[in-house]
Amino acid sequence: MIEELSGFKLWHLQDSQFRVPKGVMYVAIDSPHAVANAENIVKTRLCVEMFLDSLAEETYQAEIAGMGYNLYAHQGGVTLTISGFSQKQPELLKLILSRFSAREFSSTRF
């Protein structure tokens, strides 16, 4: 562990065998509102699925280049994972978080 703050932990472990510039980032977003009742749990899961669907076209090139991401609901809210080349992870994170804050879904896709 490199740093630990309230609500934040940063870990680093270098691959000693291949020394590839890849990493995995986990961002857990806990929200009591997301899991307050059964209806909110369903809405959270639906939001996650609609969000992932809305990102598919925009993130296609990143996936072709070896980057990966996932967003999933859990017992405290949602978790975002990003994997692949470390140098480009902040760029993908910024794209996903900016799109998540806007959350514009197509009624046709729904």
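Where is the place of R103? R103 sits in the segment after α3, and we will come back to this residue once the surrounding elements are in view.

## Overall layout

Please keep in mind that this is a predicted model. The protein has three helices and five strands. If you follow the chain along its sequence, the elements come in the pattern β-β-β-α-α-β-β-α.

Along the principal axes, the C-alpha atoms occupy a box of roughly 45 × 35 × 20 Å. The protein has 110 residues, and 25% of them are buried. Taking the contacts with a separation of 6 or more, 58% are between residues 24 or more positions apart.

## The three-stranded sheet

Let us turn to the sheet. Three strands form an open sheet in the order β3-β5-β4, and their pairing is antiparallel. The edges are held by β3 (22–30) and β4 (68–74); each has a single partner strand, so one side of each is left without a neighbour in the sheet. On average, and ignoring direction, neighbouring strands here are turned by 15° against each other.

The pairing of β4 with β5 (residues 77–85) can be followed in some detail. These two strands run antiparallel and are joined by seven bridges. A residue pair to look for in the viewer is N70 with its bridge partner T81, which belongs to β5.

## Helices on the sheet

Helix α1 covers residues 38–55 and lies across β4 and β5. Its direction runs at about 165° to β4. Helix α3, made of residues 89–102, also packs on the sheet, where it touches β3, β4 and β5. The direction of α3 makes about 150° with that of β5.

Q89 gives a residue-level view of helix α3, in which it is found. Q89 has a relative accessibility of 6% and therefore counts as buried, the cut-off being under 20%. Setting aside neighbours within four places in sequence, Q89 is in contact with G23, V24, M25, M67, I82, S83 and G84.

## Where α1 meets α3

How do these two helices meet? Their axes come within 11 Å and cross at roughly 125°, and α1 and α3 are therefore oblique to each other. The crossing is right-handed.

On the α1 side, the residues that meet the other helix are C47, F51, S54 and L55, while I96, R99 and F100 take part from α3. Sorted by class, this contact has five nonpolar residues, one polar and one charged.

## A closer look at C47

C47, one of the residues in that contact, lies in helix α1. Is C47 buried or exposed? With a relative accessible area of 19%, C47 is buried, since the cut-off is under 20%.

Leaving out neighbours within four places in sequence, C47 is in contact with F100, R103 and F105. C47 can also be placed relative to Y72: the two are 25 residues apart in sequence, and their C-alpha atoms are 9.9 Å apart in space.

## Two residues with positive phi

Most residues other than glycine have a negative phi. R103 is not a glycine, yet has a positive phi of about 40°. As noted at the start, R103 lies in the segment after α3. R103 is partly exposed, with a relative accessibility of 38%, and it is among the contacts of C47 described above.

R19 is another residue to inspect: its phi is positive, about 50°, although R19 is not a glycine. R19 is in the loop between β2 (8–10) and β3. The relative accessible area of R19 is 57%, so this residue is exposed.

## The loop after α1

The last stop is E57, located in the loop between α1 and α2 (60–64). At a relative accessibility of 76%, E57 counts as exposed, because the cut-off for that class is over 50%. E57 and Q87 are separated by 30 residues in sequence, and the C-alpha to C-alpha distance between E57 and Q87 is 22 Å.

How values were computed: Residues are numbered from 1 along each chain as its sequence is written. This is a predicted model: local features need pLDDT of at least 70, side-chain atom pairs count only at pLDDT 80 or more; totals for chains, interfaces and linings use all residues. Side-chain values use heavy atoms; hydrogens and water are left out. Two strands pair if DSSP finds at least two bridges between them. Helices (H or I, at least four residues) and strands (E, at least two) are DSSP runs, numbered from the N terminus. Axes are lines fitted to C-alpha atoms, for helices over the stretch in contact, and angles run from 0 to 180 degrees between N-to-C directions. Contact means heavy atoms within 4.5 Å. Angles under 35 degrees count as roughly parallel, over 145 as roughly antiparallel, 65 to 115 as roughly perpendicular and the rest as oblique. A crossing is left-handed if the near helix is turned anticlockwise from the far one by less than a right angle, and right-handed if clockwise. Ala, Val, Leu, Ile, Met, Phe, Trp, Tyr, Cys and Pro count as nonpolar, Asp, Glu, Lys and Arg as charged, and the others, Gly among them, as polar. Buried means under 20% relative accessible area, exposed over 50%, partly exposed in between (1.4 Å probe, protein chains only).
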